[in-house]
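Please consider the sequence and the structure shown here. An explanation in running paragraphs follows them.

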Amino acid sequence: MIRNDWTAEEIKEIYDTPLLELVFRAAAIHREYNDTGEVQVCTLLSIKTGGCTEDCAYCPQAARYNTGVNVQALMQKDEVLKYAQKAKEAGSTRFCMGAAWREVRNNRDFDRVLDMVKGVNAMGMEVCCTLGMLTEEQAQKLAEAGLHAYNHNLDTSREHYDDIITTRTYDDRLQTLDNVRKAGVTVCCGGIIGLGETHDDRIGMLQTLSNMPEHPESVPINALVRVAGTPLMNNPKVDIWDMVRMIATARIIMPKAMVRLSAGRAEMSIAEQALCFMAGANSIFAGDKLLTTPNPEFEEDNAMFALLGLKPRVAFKEEKEVCAH
Ligand code: SAM
Ligand code: DTB
Ligand code: SF4
């Protein structure tokens, strides 16, 4: 049963379950709702990098921190499509384009992004974008261009949010997510752990996600990648058990969502990642770079899939199943 009325107490009880029991429960629910043998492989591309006006304390692309990220203007469409083709050939079924923007503006850059979306969609991949805040009209234009998903993370709880970002509000984020929904684009929304949040903050974020009128189809769980020059560079490394708890809890309360083991894999062993898959994660980002930070090599991930007997998930699986019925 899919629920949208989880209380914080209920989520806390799940999150605090003894670890092996929690993993067992999450694995059982995962098996009931999803094909546990498959993991979706996605590729990220930073189409506009660095120089961002915002002050997100974790982010290497904020102009105000000295992180050594090279500023790069919006890429050309043809170049982006070449990357998308390579990603497809390497087995990715979802291609996500990220821009270091506060928000989308109605200008030629946006028109170029719409062309990129059309191009990637025509290649038969699920196309996703993460471009900052969006109006309903902009979301509609992206939908018309063939956008499958829009990523916009809550990042943390409402209570902890102001310690991480001051240049836009939690409600701004929820408004963008609402605009995406209204345009009929699927929602990709999750957060980051390791920002100095409490366990209750994590539970609060999961509650906001799971109590949306419709669960996000995709929930990325990121472990903070600590980048020199950002205010959070000296935060402690995320404990793998916290990552496992987060993934398992997300899986139990949002059984059908794609739970994505997102940033942080470069610092995880295969055994640790296997625990995350056991706990219900069913997607990764492949390729040696996320947006600006390192990610495991393609060959390493191939070897991991072979070792664990995982197979990559096909594109548009949900839609195909609906059509078949
Ligand atoms: N500028 C747009 C925005 O903020 O919505 C899109 C790109 S932004 C880089 C996308 C997401 O990447 C952020 O919301 C955050 O969750 C994640 N992210 C950024 N830096 C990260 C880091 N150092 N570690 C983990 N996740 C990070
Ligand atoms: C998400 O939740 N994680 C991805 C994707 N959505 C856009 C981004 C992770 C970025 C990590 C830092 C970097 O590489 O710049
Ligand atoms: Fe800019 Fe997005 Fe980074 Fe925040 S997370 S600084 S909005 S690129």
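The paragraphs below discuss the surroundings of a ligand and then turn to aromatic rings.

The structure is a predicted model. Within it, ligand 2 sits in the largest cavity. The residues around ligand 2 are drawn from several stretches of the numbering: Leu-44, Pro-60, Thr-130, Asn-151, Asn-153, Pro-220 and Asn-222, together with Leu-290, Leu-291, Thr-292 and Thr-293. By character, this shell comprises 5 nonpolar and 6 polar residues, and no charged ones. Leucine and proline count as nonpolar, whereas asparagine and threonine count as polar.

Polar contacts link ligand 2 to members of this shell. Thr-293 places a polar side-chain atom 2.8 Å from an oxygen atom of ligand 2. Leu-291 takes part through its backbone, where a polar atom is 3.0 Å from an oxygen atom of the ligand. Leu-291 counts as nonpolar by residue type, yet the atom that it offers here is a polar backbone atom. For Asn-151, a polar side-chain atom lies 3.4 Å from a nitrogen atom of ligand 2; this pair counts as a polar contact because its distance is within 3.5 Å. On its own, ligand 2 has 400 Å² of accessible area, and the protein covers 89% of that area.

How many aromatic pairs does a search of the whole structure find? The search finds 1. The pair is formed by Tyr-161 and Tyr-170, with 5.2 Å from centre to centre and 70 degrees between the planes. The arrangement is edge-to-face because the angle of 70 degrees is over 60. Both tyrosines, Tyr-161 and Tyr-170, are buried.

Definitions and conventions:
Residues numbered from 1 in each chain as written. Chains lettered and ligands numbered in written order. Predicted model: local features only at pLDDT ≥ 70, side-chain atom pairs only at ≥ 80, totals over all residues. Heavy atoms only, no water. Near = heavy atom within 4 Å. Polar contact = N/O pair within 3.5 Å; in protein donor to acceptor, adjacent residues only side chain to side chain. Areas by Shrake-Rupley, 256 points an atom, 1.4 Å probe, with all protein chains shown as cover. 1 Å grid on protein atoms, 1.4 Å probe; cavity = no way out; pocket = protein on both sides within 12 Å on 5 of 7 lines; lining within 4 Å. Sits in = over half its atoms within 2 Å of the grid points. Phe/Tyr/Trp six-rings, centres within 6.5 Å; stacked < 30°, edge-to-face > 60°. Buried < 20%, exposed > 50% of the residue type's maximum accessible area, 1.4 Å probe, protein only.
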